[in-house]
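Welcome, and please open your viewer with the selection box within reach. We will go from stop to stop, and at each one I will say what to select and what is there.

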Amino acid sequence: LLNFLDLRARARSFERLAAIGPGGSVLFENAETGTELVATVCATADFFELLGVTPVLGRLFLPSEYESSSGAVFLVTYGAWQRRYGGDPGVVGSSLDREGADASIVGVLPPDFEPPEALVPTAADFWMPLQPDRPRYAARGRRSVAGLGRLAPGVTVDDARAEATAIAEALAIEFPDGNVYPDGSWFGIGVNGLHADTVGTVGRTLSIFLSAAALLLLLAGMNAATLLLARALDRERELGVRTALGARRLRLARLLLVEALLLSLVGGAVGVGLAFVGVELFHAFAPRSIPRLDSIAVDGRVLLAAAAVTIASGVAAGLLPALRLGSSGPWTRLHGSGRGASEPASRLRSLLVGAQLAVAVVLLSGAGLLFNSFVRLVTVEPGFDPDGLVAMNVVVKRPGAPEDEASWQGWDRVLDEMSRVPGVLALGGTSNTPYQSPNWAPRILLPDDPDDAWREGITGYAVTPGYFEALGARLVSGRDFTGSDRADGEGVVIVNEAFVRTQLGAVDPLGIVLSSRRGEQVTPVRIVGVVEDMVQTRAEEGARAAVYRPHTQVEWPWVNVVVRSRIPAAELVPELRRAAMRINAVVPPRRTTTLRDRIAETRTSPRFRTFLIGGFAAVALALAAAGLYGSLAHLVRRRRRELGVRIALGAARSGLVSLVVGRGLRLVAAGLALVLTGVGAAACAWPALRAMRVDPVEVLRSE
C-alpha cells in the first residue's frame with residue numbers, strides 16, 4: 001500500500017488513482033449452514049467516485065472514515081441488500097458483527113455496480129474503507145492492494161506504464177527493504193488497460209466463438225443463396241414472361257430481393273427466439289471464468305445487431321439471383337430452359353456448395369482438435385485416487401488462544417476431532433490440495449547454489465503425516481513424515497518426481513541437504529522421500545517441481561483437511577463441519593468440496609469450448625449436407641427429361657446413379673481443395689510479405 005500511495009503522489013499520467021484490497025470478515029447466522037463467514041473488500045478514497053458510483057440509499061464513506069481511529073462502517077451491495085435484508089430501507093444505520101466488533105451499514109450500492117473483475121475476481125457483499133494507517137499496511141513487502149486509475153487527457157497506457165516503471169525503480173532505491181528481492185531484482189508496478197486485464201486469456205476463447213459463429217452465418221447465407229438461385233432457375237420462364245410483358249429488370253430484382261428478405265426475416269425471428277434459449281444454456285454450462293458472465297443477455301443492442309445481420313444476409317442471399325437477370329434476355333429465358341442456358345448458374349451454385357463444404361470442414365477440423373485435446377486432458381492421471389475424498393478448509397486460529405500457540409497445534413486438534421467422525425477411513429492436512437492454486441513459492445537452494453541464487457517455479461506445501469496415504473499418492477522412495485518430525489527437530493522435506501527431474505537430474509535425491517531461505521533466515525532441510533507427481537492446479541499445466549514440509553516446521557494459519565470415506569459427501573460434510581466448529585466456533589469451515597468436483601471444475605472451460613465448437617461444427621455439417629442434397633436434387637429435377645432420354649436409349653440405371661454421385665463427390669472434392677488452397681495461401685502469405693519488405697541497401701551492406 002505504501003508503494004501505491006507514493007505512486008499516487010508522484011504520478012502525473014493519471015487524473016485519479018484508487019486501490020482496493022481484501023478486508024476483514026463478517027459473520028452471519030445462516031439457517032442451513034450455521035455461522036457463515038463473509039469476506040469483504042476494502043477501497044481507498046476516490047474509488048467509488050472514480051467509477052461514478054452513487055448509492056441508492058445512504059451515503060459513501062466520509063474522509064474521516066479512512067482513518068483507523070473511526071468506527072467500522074460498511075457499504076452493502078444491492079444484491080446482498082435484497083438477499084440478506086429483504087430490501088429493507090432501514091438497513092442504513094443497522095449494525096452487524098465483524099470479527100466480534102460492532103460495525104454499521106452506511107449505504108447501499110446501486111444495482112448496476114459491478115467492480116472490475118480484474119481487481120475483484122469474486123463478488124463481495126460488503127465494502128469497507130481502506131485505512132492506510134493500520135499496522136497490516138506498514139511493510140512495503142506486503143503486496144496487499146491492486147490499483148485502478150483513469151488516464152489523464154492525451155496520455156496513453158504505454159506512457160503511464162513508463163512513468164510507473166520509473167517510479168518503481170526510484171522507490172526500490174529509496175526503500176530497498178521490501179522492494180528489492182534477494183536476487184537483486186526490484187518490485188515493479190505494472191500498468192495495463194482494464195479491458196485487457198478483464199478479458200485476459202478468455203479473449204482468445206471468445207474470439208474463437210465469434211469466428212465460429214461468423215463462419216456458421218456465412219455458411220447459412222451461402223446455403224440460402226444456393227436455394228434461392230435454384231428457385232430462380234426454376235422461375236426462368238416466369239421471369240421471361242414478366243420481362244416480355246414489360247416488367248423492368250430493376251422491378252424483377254426488387255421482387256427477388258424482397259422474397260429473400262422475407263425469408264431472412266423469418267429466419268432471423270426464429271434465430272432470436274433460439275438466442276434466448278441459447279443464452280440460458282450458455283449461463284448453465286459456461287465456465288465461471290468468463291468475465292461479466294452474469295451480464296450476458298439478449299438486450300436491445302443484440303436485437304439491433306441481429307436485425308442488421310438479418311437484413312444484410314437477406315440482401316446478400318438474394319443478390320446473386322437478382323444479378324442473373326442481366327446475364328440473358330427474355331427470349332433466352334423463355335426458350336433457354338435447357339442445360340446450356342443454365343450452365344453459368346449451375347457452376348455458381350456448385351461453387352457455393354463447395355464453399356459450404358469447405359466452411360464445414362474448417363469447423364469440423366477445429367472441433368476435432370479441441371475434442372482430441374479434451375480427451376487427452378480427461379485421461380491425465382491426477383497422481384492420487386480422488387474417489388471418496390472430501391476437502392474442507394478450516395481456520396485453526398481460535399479466539400482467545402494463547403499468543404505463543406503454534407499453528408501446527410491447531411492442525412493437530414482439528415485432525416484429531418475429525419478423525420472421530422464415524423465413517424472416516426483416513427485423513428490428512430495440507431496447506432493446499434491438488435487442483436487448487438498453491439500460494440506458497442518457497443526459495444529452495446541446492447548445496448552448490450550461491451546465496452543470491454533464485455530457483456523459480458518451485459511450489460511449496462505444508463502437510464501432516466498420513467496426508468499422502470489419505471490421498472492415495474504413492475511414495476516412490478524414502479519415507480513419509482512421522483510424529484518425530486517436530487518443530488525443534490531436524491528440517492526435513494519430501495520432493496516430487498518433477499523436482500528430482502528438473503532440479504537434480506539423475507542424482508539420487510535421498511539424503512541431499514537443501515537450503516530453505518525466508519528473508520535472512522536460512523534453514524537446512526534434508527530430503528527424506530520422493531512422492532509421485534500430482535496435478536497441482538490444472539491437468540494441462542502438468543506438474544511443477546514441489547517440496548513438502550512437515551506442518552510442524554511451517555507456520556500456516558489454516559489447514560485443508562482431506563478425508564477419505566465411503567459415506568456419501570452429503571452425509572459426511574455436516575458431521576465434519578460440526579467437528580471443525582467444536583475447535584473454532586467463531587470461524588466456520590470454507591471451500592468444502594469433493595476432489596472429484598474440484599477436478600471437474602478445472603475441466604469446465606476446455607469441455608465448454610469443445611462442445612460449443614462441436615455444436616457449431618454439427619450445425620455446419622448439417623447445413624452443408626442440406627445444401628449438397630438440395631443442389632443434387634435440383635440437378636436431377638432439371639435434367640429429368642435428359643435422364644429419361646438416356647434410359648430410353650439404353651443407358652444403365654447404375655450409370656445414372658454414378659453420374660449423380662460423381663457430381664456430388666466432385667463438389668466435396670472442390671470443398672476440400674478450397675480448404676487446402678486457403679491453408680496453403682495463408683502459409684505462403686507471410687513469407688511473401690517479408691520478401692516485399694526486404695531492403696536492398698541493408699542486404700548489400702550485410703554482404
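Start by selecting Tyr435, which is buried at 5% relative accessibility (buried means under 20% relative accessible area, exposed over 50% and partly exposed in between, with a 1.4 Å probe and protein chains only). Before going on, note that this is a predicted model, in which local features need pLDDT of at least 70 and side-chain atom pairs count only at pLDDT 80 or more, while totals for chains, interfaces and linings use all residues. Residues are numbered from 1 along each chain as its sequence is written, and side-chain values use heavy atoms, leaving out hydrogens and water.

**Around Tyr435**

Look at the backbone of Tyr435: its phi is positive, about 60 degrees, although the residue is not a glycine. Most residues other than glycine have a negative phi. Tyr435 is found in the loop between E10 and E11 (helices, H or I with at least four residues, and strands, E with at least two, are DSSP runs numbered from the N terminus).

Stay in that loop and select Thr433, which is found between strand E10 (424-430) and strand E11 (443-445). Thr433 is buried, with a relative accessible area of 0%. Which side chain does Thr433 join in a polar contact of 2.4 Å? The partner is Arg598. Here a polar contact is a pair of N or O atoms within 3.5 Å; within protein, one must be able to donate a hydrogen and the other to accept it, and residues adjacent in sequence count only if both atoms are side-chain atoms. Now show the wider surroundings of Thr433: leaving aside neighbours within four places in sequence, it is in contact (heavy atoms within 4.5 Å) with Ala391, Tyr467, Gln536, Asn560, Val562 and Arg598.

**Aromatic rings**

Next, colour the rings of Phe, Tyr and Trp. Rings (for Trp, the six-membered one) pair if their centres lie within 6.5 Å, and planes under 30 degrees apart count as stacked, over 60 as edge-to-face and the rest as tilted. By this rule there are 15 aromatic pairs. Select Phe48 and Phe61, an edge-to-face pair at 6.1 Å centre to centre with 65 degrees between the planes. Phe48 lies in helix H2 (residues 47-50) and Phe61 in the loop between strand E3 (57-58) and strand E4 (73-76), so the pair ties together parts that are 13 residues apart in sequence. Both Phe48 and Phe61 are buried.

Then return to Tyr435 and add Phe384: these two rings are also edge-to-face, 6.3 Å centre to centre and 70 degrees between the planes. Phe384 is in the loop between helix H11 (343-378) and strand E9 (389-395), and Tyr435 in the loop between E10 and E11, so this pair ties together parts that are 51 residues apart in sequence.

For a group view, select Phe47, Phe48, Phe61, Tyr66, Phe113 and Trp127, which form one aromatic cluster. While you are there, pick Asp46, in the loop between strand E2 (34-43) and H2. The phi of Asp46 is near 80 degrees, a positive value in a residue other than glycine, and Asp46 is partly exposed at 30% relative accessibility.

**Charged pairs**

Now turn to the salt bridges (a side-chain nitrogen of Lys or Arg within 4 Å of a carboxyl oxygen of Asp or Glu), of which there are 14. Select Glu417 and Arg582, whose side chains meet at 2.8 Å, N to O. Glu417 lies in helix H12 (residues 407-419) and Arg582 in helix H15 (residues 569-583), so the pair ties together parts that are 165 residues apart in sequence. Is Glu417 buried or exposed? Glu417 is buried, at 16% relative accessibility, whereas Arg582 is exposed at 53%.

Within H15, select Glu575 and Arg578, whose salt bridge spans 2.6 Å, N to O. The two are three residues apart in that helix, separated by about one helical turn. Glu575 is partly exposed, with a relative accessible area of 35%, and Arg578 is partly exposed, with 45%. Elsewhere, select Arg83, Arg84 and Asp125, which salt bridges with shared partners join into one network.
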